[in-house]
Amino acid sequence: MAKKSSRGSSAGASSKGRTRTPASTAAKKAASGTKKPAAKSPPAATISASDRLHRSIKTALAGRPLDVLPGLTEAWMGLLSVPAAQRWLQHLASLAPAALPTAAAPPTAAVVAPAVVVAPAAVVLPAVPAATPAASSDMLGTRLSPVDNSSAQSLRTLPIKIDTAMDPRLQLALANHQTGKSGLNLASTTGDEVAVIARVKSVEEWEALPDIFAGCNLGKTGDGSSIVTGRVPIQRIEAVRAEPTIVSLKASQPVGPTLSATIQSMLVSDQALPANAAPDGGRDVVIGIVDFGCDFAHRNFRDQNGNSRLLALWHQNGAARPDSPFGYGRKYTAAEIDAALPAPNPYTALGYGPAEALDGTHGTHVMDIAAGNGLGSTQAGVAPKAGIVFVEAATSDLASEGPATVNQAFGDSVQLLEAVRFIFDTAGDKPCVCNLSLGTNGGPHDGTSLVEQGLDAIVREKPNRAVVIAASNSQLHGIHTSGQVPAAGNHEIIWQQRSQGGGEFEMWYGGARRLEVTLVATDGTVFGPVQPGDNLSIGQTGAIAIFMSSRLSDPNNHDNVIGIWLAEGMPGDNFVVRLRSLDGQPVDYHAWIERNDFAQASFAAPVSTHTLGSISTGHETVVVGSYDGHKPAFPLSNFSSAGPTRDGRNKPELSAPGQNVMAAKSRTGTGIVRKSGTSMAAPAITGLIALIFAEARRNGRDLPISELRARLQSNATINPPAVPAGTWDGRYGFGRANGGSIQDTPV
Amino acid sequence: MAIDFKSLKKLESLPASVQAEPHGDEDRLVVLIKVRQGADHPSYIVPRAKMGPDIFSAEIRAGDLSRIESDPAVETVSVSRQIPLIK
């Protein structure tokens, strides 16, 4: 990968705000594993259009309630084009402060959340930075409303008496009504009514009730009763519920996309679990997340008492202290996190917070899918009672790029392994599953890289351990090709540069063969040939524009590898990699182009297999592809990468819902956001494994990784994929993982 | 003195972009080292984290790569490389 391009990214940034770097500068920046001094400010080139908009509004609103802005700008930008949204927001910014929050927000601000939430157990939680809705489902009579930022001491028990045997949402509707809250006037329900679903003995008697505005009859149940809908005045709920014909009366619920598609399609809800299985939400199992942006204050990661569910949080780029793991970064204990939570701004209090990304941080979303408890968003993740250890990943050589880079999504191979080591060490003797959503395109793709060997070694140390990795999202990027260089004559691979973004080519072939490589530029200029075991630098003094190497016998697998790096800014579109066999033998090869999120180069003739990420080909790790869990046919996600590995093993092993997944949004307290990717599929499997571990532990059994993998694969659901049971599909794996794997029977 | 990556047979293959960057002996590198089965870690390297019986991480001088290359206890060494988020 042209590393300058990668470094130019920022969390949530797009390519729109980027300026181009000359090839010479790009070459100078190509370093890895080297520590450099920190710069003081982020490069302006990394700011996206949406970030600029956000910042301009922030500036215009200096001194006003800034915490509402992320949700507000996002909501507007979701409705309007950026220029239009900008004009409106700039206009609003010129108005009085009081006019901003409620007048501007649209009625469908799905991501906003109350600043203070009263949990079901009536525990009062501290405020977290959040946006305030103008009109949302929170204004329904059956929902809690935002309240003014108050101290806990100012709140008191209200003198409300309601029948506790009633549906909780109806209880809340009555409580809201008795405290003077007026509900929303909706298309079908006025503000003093509540929509209900009832099971009744007689439809006629139901429709005859004087307080009922009847809706529709949905049909009969097995016992002869009927399911009906209707509207009931809130103050008459208790009276209606007491009518002899009523068997059950429940309030309707706002329906929105949530994690429920993941839970339902994987059959991991309590109701769908195998008979006799009681994994109790993964209690006493530890889920480790190595990612970016942990919103420890989000309600989904706090227990009923408001305490954090995080056992530890390690910020690898934080300031080191004597107790820092492996001598670097900042570790936060559960006690430190709990101490920060009551603060007006818990992130400031702790000294760590998720980046202010308009679409929420990746790590918070991932963590919710695996382990969220739904106390904020109302939908729990797969293992809502598991303990959580989060590692905010960082790379050892990015400090030189400044704070904006710190919030970027880069880890590195060594610190990734150390993160996993930290998580398993923290878990101690508890079962533990670790989720990784990092990867790039290059590498041997045969499980022999040292980082993959290291992951395998950690998993093999003890039973009740697993590492789950996203397959990657590169299926549509044309980043892999394969073929055979003939025994005689040239073989050409066309490498398509995009927008002069440069790129990095990597080709692996058998160690017994010998290839000569030449690069031909768009204008016909020839660079090379480079002989086996040699390399070639091309450029000007102090500025390499092209680097070619032909390495023999990698020490891990003894295969040969050809690498070509093309600096950003090189003119032309198509570059030809010309290969010639030197030993009179045909040579099979696989080649990849490294990731570049701004200007992804591709092959003119890509091959759509072997597109797994660089660390997704290990022997013991579990690799996960993505499908859409919202659709009945569970179609593959078009981005989901394909196996097998270069040495012919069947990975990914499994697939899970990873498309359009609604899960926790950072810095909202309770909000959610939609994201797609194999990064969203992997944590679903991570949560499932936590449930499997919990069930095995309940039965007093240890699960070695071999048995865990076998159980997951043998229980996977097919159709799709359209393959016989027990066989493998290149993208679904052995099938769709599900709760049947929780049944604790040895495979 | 600049490190000649081409001469380091025990070094896991590096991306071309990393090879293109010159490294001096005093540069600090974060590495993974795999020692031969049953061998102890080299005395001149302080392990940072152990990933198993044979693999550990360490921070070293780039100049130590030559010493590692000639150390019979070391099987292979990998210089840390960036791994971006899959998104």
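Q: How many residues does each chain put into the contact between chain A and chain B?
A: Chain B gives 38 residues and chain A gives 66. A contact means that two C-beta atoms, placed from the backbone, lie within 7 Å. The model is predicted: local features need pLDDT of at least 70, side-chain atom pairs count only at pLDDT 80 or more, and totals for chains, interfaces and linings use all residues. Residues are numbered from 1 along each chain as its sequence is written, with chains lettered from A and ligands numbered from 1 in the order in which they are written.

Q: Which elements of chain B each supply at least two residues of the side that touches chain A?
A: They are α1 (16-19), β1 (28-35), β3 (55-61), β4 (74-79) and β5 (82-84) of chain B. Helices (H or I, at least four residues) and strands (E, at least two) are DSSP runs, numbered from the N terminus. β1(B) provides the largest share, six residues.

Q: What makes up this side of chain B by class?
A: It has 16 nonpolar, ten polar and twelve charged residues. Ala, Val, Leu, Ile, Met, Phe, Trp, Tyr, Cys and Pro count as nonpolar, Asp, Glu, Lys and Arg as charged, the others, Gly among them, as polar.

Q: How do you know that β9 of chain A pairs with β5(B)?
A: Pairing takes at least two bridges found by DSSP. Strand β9 (residues 410-412) of chain A and β5(B) have three, so they pair. They run antiparallel. A:Phe410 stands opposite B:Pro84.

Q: Why is A:Asn535 called partly exposed?
A: A:Asn535 has 18 other C-beta atoms within 10 Å. Buried needs 20 or more, exposed 12 or fewer, and partly exposed is in between. The value 18 falls in between, so the label fits.

Q: Where does A:Asn535 lie, and which residues does A:Asn535 contact beyond its neighbours within four places in sequence?
A: A:Asn535 lies in strand β17 (residues 535-540) of chain A. Its contacts are A:Val530, A:Met548, A:Ser549, A:Ser550, B:Lys6 and B:Gln19.

Q: Why are β2 and β4 of chain A said to stand at the edges?
A: The open sheet has the order β2-β3-β1-β4 (chain A), with antiparallel pairing. β2 (213-220) and β4 (246-251) each have a single partner strand, so one side of each lacks a neighbour in the sheet.

Q: What makes β1 and β4(A) partners?
A: Strand β1 (residues 193-200) of chain A and β4(A) share five bridges, in the antiparallel sense. Pairing needs at least two, so they qualify. A:Ala198 has A:Leu249 in β4(A) as its bridge partner.
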